[in-house]
Amino acid sequence: MSWKTIDDLALAGKTVLTRVDINVPMEGDGVTDTTRIDKIRPTVEDIIARGGKVVLLAHFDRPKGKVVPEMSLGRIQGAVAASLGRKVVFAADCVGPLAVAAIDAAAQGDVILLENTRFHAGEEANDPAFAAQLAALGDVFINDAFSAAHRAHASTEALARLLPAAAGRLMEAELKALDAALGNPQRPVVAVVGGAKVSTKLELLGNLVSKVDHLVIGGGMANTFLVAQGIDVGKSLAERDMAPIALEILTKAKAAGCTLHLPVDVVVAAAFKAGAENKVVAPNACPPDQMILDAGPATVAALTKVFESCKTLIWNGPLGAFEIAPFDAATSAAARVAAALTKAGKLVSVAGGGDTVSALNHAGVAGDFTFISTAGGAFLEWMEGKVLPGVAALHG
Ligand code: AMP
């Protein structure tokens with residue numbers, strides 16, 4: 001698949017509607033993590049360098065089609081200005097006269113930030129009339145919000161069909177990395193899927209077994225697979241009713257030639273508490289009053305061999321209850337192995353989805369992966385093999 005990028009559009013003298021994801025966490029009036037704002041900078045600078053006027057379109061929280069003052073993007077105007085190092089002009093509506101006036105008043109090099117698109121019900125309804133109101137504000141459309149691309153909303157989907165459209169730099173980087181990991185990867189490919197539950201990752205597992213050569217299952221979801229094989233996992237987190245589904249995945253993997261890897265040893269404890277007394281046992285030896293909270297060292301050694309035999313790695317979800325030491329050990333150790341192989345040029349490593357980013361940050365190796373996606377839902381839907389409407393709308 002191919003997408004247009006900023007390089008494919010003439011931007012000089014144009015008003016460039018730029019969809020970004022700056023849905024940042026706040027405490028009081030302060031932004032607690034500016035990562036999402038910082039990441040739009042390459043696209044903003046590129047558009048300005050090419051002579052375009054940047055008009056930011058974004059959502060903020062979930063106002064559900066109504067004006068909710070606490071969810072105004074005006075609250076982060078200062079943070080956007082500080083991160084971009086530019087004057088930011090704010091418009092109290094994202095369509096109509098207020099938006100037009102702000103765009104007209106801004107000088108080249110200023111950034112115009114329009115109010116929360118979700119204040120209008122037409123946004124989430126992907127309403128063509130609302131999209132036309134947005135389109136009337138500009139000449140071209142750049143979508144830099146991969147993390148919102150799984151939603152067919154007016155500012156992510158319909159708008160892209162009304163104006164010449166292309167991917168921004170962040171979107172482009174995401175799409176390239178995802179294509180290198182699952183679209184056209186160098187083989188063999190290993191996928192690591194961990195986390196709490198099988199039920200939330202069923203579609204993802206079903207898609208991966210037909211696409212990757214090795215599938216590593218870790219975390220609480222591995223317990224469900226152990227149960228499916230008749231193993232008693234004591235008080236461990238496991239979805240016992242999902243056992244038949246786990247068996248189906250095992251069968252499907254076998255038929256597709258995908259080798260499935262479950263823990264070969266596990267760390268058990270009586271309580272999920274920091275520093276809880278714990279021991280390493282075989283997967284079938286969890287005492288009835290204890291729970292499996294991490295994979296053991298033999299599992300990490302086995303994964304190291306798998307990683308070494310592969311050219312591409314895609315990772316979602318922790319191998320254990322990584323938030324509390326020492327149950328972070330397997331996730332951190334395996335992440336360090338992947339990072340070292342990546343640094344040595346032997347592995348293309350792509351990771352993403354919610355807790356994965358914090359797990360890799362916790363391991364101190366996020367910077368060494370080839371690409372870390374900060375998109376949660378969009379990354380998971382892409383791993384499930386779904387077409388993302390916001391991406392599909394950019395195909396030339
Ligand atoms: P997910 O959001 O599905 O990726 O799941 C991440 C969560 O799974 C984290 O909060 C981990 O603490 C939790 N988790 C991973 N392994 C286990 C386990 N063996 N027992 C309980 N929770 C786990």
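# Chatting through a predicted model

Biologist: D368 counts as partly exposed, at 27% relative accessibility. This is a predicted model, right? Which residue forms a salt bridge with D368?

Modeller: Yes, the model is predicted. The closest N and O atoms of the pair are 4.0 Å apart, and the limit for a salt bridge is within 4 Å, so this one counts. The partner of D368 is K343.

Biologist: How many residues apart in sequence are the parts that K343 and D368 tie together?

Modeller: K343 lies in helix α12 (residues 329–343), while D368 is in the loop between α13 (355–363) and β17 (371–373). K343 is exposed, with a relative accessible area of 65%. Because the two sit in those separate places, their pair ties together parts whose distance in sequence is 25 residues.

Biologist: Now E45 and R86, which also form a salt bridge. How many residues apart in sequence are the parts they tie together?

Modeller: The closest N and O atoms of E45 and R86 are 2.9 Å apart. E45 belongs to helix α2 (residues 41–49), and R86 to the loop between α3 (77–84) and β5 (88–91), so this bridge links parts separated in sequence by 41 residues.

Biologist: And are E45 and R86 buried, partly exposed or exposed?

Modeller: E45 has a relative accessible area of 27%, and R86 has 25%. Buried needs under 20% and exposed needs over 50%, so E45 is partly exposed, and R86 is also partly exposed.

Biologist: R161 and E157 form a salt bridge as well. Which residue of the two is buried?

Modeller: Their closest N and O atoms are 2.8 Å apart. R161 has 52% relative accessibility, so it counts as exposed. At a relative accessible area of 12%, the buried one is E157.

Biologist: How many salt bridges does the structure hold?

Modeller: Some of them join up: D7, D46, R50, R169, E172 and K176 are linked in a network of salt bridges. For the structure, the count is 15.

Biologist: On to helix α9 (residues 220–228). How many of its 9 residues are buried?

Modeller: Among the buried ones are M221, F225 and L226. The buried residues pack against β9 (189–193), α8 (202–209), β10 (214–217), α10 (243–256) and β14 (291–295). The helix is largely enclosed by the rest of the structure, because the number of its residues that are buried is 9.

Biologist: There's a ligand too. Which elements give two or more residues to the shell around it?

Modeller: A backbone N or O atom of G220 lies 3.1 Å from a nitrogen atom of the ligand. I292 has a backbone N or O atom 3.0 Å from a ligand nitrogen. The elements you're asking for are α9 and β14.

Biologist: How much of the ligand's accessible area does the protein cover?

Modeller: The residues that come nearest are A196, K201, I292, E323 and D355, out of 14 around the ligand. For A196, a backbone N or O atom is 2.9 Å from an oxygen atom of the ligand. On its own the ligand has 500 Å² of accessible area, and the share covered by the protein is 79%.

Biologist: How do the residues of that shell divide into nonpolar, polar and charged?

Modeller: Gly counts as polar in this scheme. The shell splits into 6 nonpolar, 5 polar and 3 charged.

Biologist: Any odd backbone spots? What is omega for the cis peptide bond between A325 and P326?

Modeller: Most peptide bonds are trans. Another cis bond joins R187 and P188, with omega about 0°. P326 lies in the loop between β15 (312–316) and α12, and the A325 to P326 bond has omega near 10°.

Biologist: K64 and N126 each have a positive phi near 55°. Which of them is buried?

Modeller: K64 sits in the loop between β4 (53–57) and α3, and at 62% relative accessibility it counts as exposed. The other is in the loop between α5 (121–124) and α6 (128–135). At 19% relative accessibility, the buried residue is N126.

Technical notes: Residues numbered from 1 in each chain as written. Predicted model: local features only at pLDDT ≥ 70, side-chain atom pairs only at ≥ 80, totals over all residues. Heavy atoms only, no water. Buried < 20%, exposed > 50% of the residue type's maximum accessible area, 1.4 Å probe, protein only. Helix = DSSP H or I, 4+ residues; strand = E, 2+ residues; numbered from the N terminus. Contact = heavy atoms within 4.5 Å. Near = heavy atom within 4 Å. Polar contact = N/O pair within 3.5 Å; in protein donor to acceptor, adjacent residues only side chain to side chain. Areas by Shrake-Rupley, 256 points an atom, 1.4 Å probe, with all protein chains shown as cover. Salt bridge = Lys/Arg side-chain N within 4 Å of Asp/Glu carboxyl O.
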